[in-house]
Amino acid sequence: MKFTPKTLKILSITSVGISCAVLAFIITYNWRNENELPEWMLLISIFLPLLATFLSRQSKKRNDNNEGN
């Protein structure tokens, strides 16, 4: 699938927002409950910012290629 640079930028910002929401959920859940969340929930807050960085770099790279042509 080919995405435009604008779509990639929107996906990047969305994944950062979801990551912040998941991290806030993890913090509030652990603060209010004595039960711990599964370890894989922490991976979501790690991998979504990495995905956002990748998408924003791809967006910038495609935007630079389009301006060069």
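The exercises below work through the fold, one helix and one surface patch of a predicted model.

Residues are numbered from 1 along each chain as its sequence is written, and side-chain values use heavy atoms, with hydrogens and water left out. Because the model is predicted, local features need pLDDT of at least 70 and side-chain atom pairs count only at pLDDT 80 or more, while totals for chains, interfaces and linings use all residues.

**Exercise 1.** State what secondary structure the chain has, and how its radius of gyration stands against that of a compact globule.

*Solution.* Begin with the elements: the chain has two helices and zero strands, where helices (H or I, at least four residues) and strands (E, at least two) are DSSP runs numbered from the N terminus. Next take the radius of gyration, which is computed over C-alpha atoms, with a globule rule of 2.2 Å times the number of residues to the power 0.38. A compact globule of 69 residues would come near 11 Å, but the chain has 16 Å. Finally, the C-alpha trace spans about 60 × 15 × 15 Å along its principal axes.

**Exercise 2.** Check the span of H1 against the value expected for its 28 residues.

*Solution.* The rule for the expected span is 1.5 Å times one less than the number of residues in the helix. For the 28 residues of H1 this gives 40 Å, and the end C-alpha atoms are 41 Å apart, which agrees.

**Exercise 3.** Find which residues of H1 are buried, and then which residues Ser 12 and Val 22 touch.

*Solution.* Buried means under 20% relative accessible area, exposed over 50%, and partly exposed in between (1.4 Å probe, protein chains only). In H1 the buried residues are Pro 5, Leu 8, Ser 12, Ser 15, Ser 19, Val 22 and Ile 26. An α-helix has 3.6 residues a turn, so residues three or four places apart point the same way. Ser 12 is buried because its relative accessible area is 7%, and Val 22 is buried with 16%. For contacts (heavy atoms within 4.5 Å), leave aside neighbours within four places in sequence: Ser 12 then meets Ala 52, Leu 55 and Ser 56. With residues up to four places away likewise not counted, Val 22 touches Met 41 and Ile 44.

**Exercise 4.** Place Ile 46 in its helix and say whether Ile 46 is buried, partly exposed or exposed.

*Solution.* Ile 46 belongs to helix H2, which covers residues 40-68. With a relative accessible area of 46%, Ile 46 is partly exposed.
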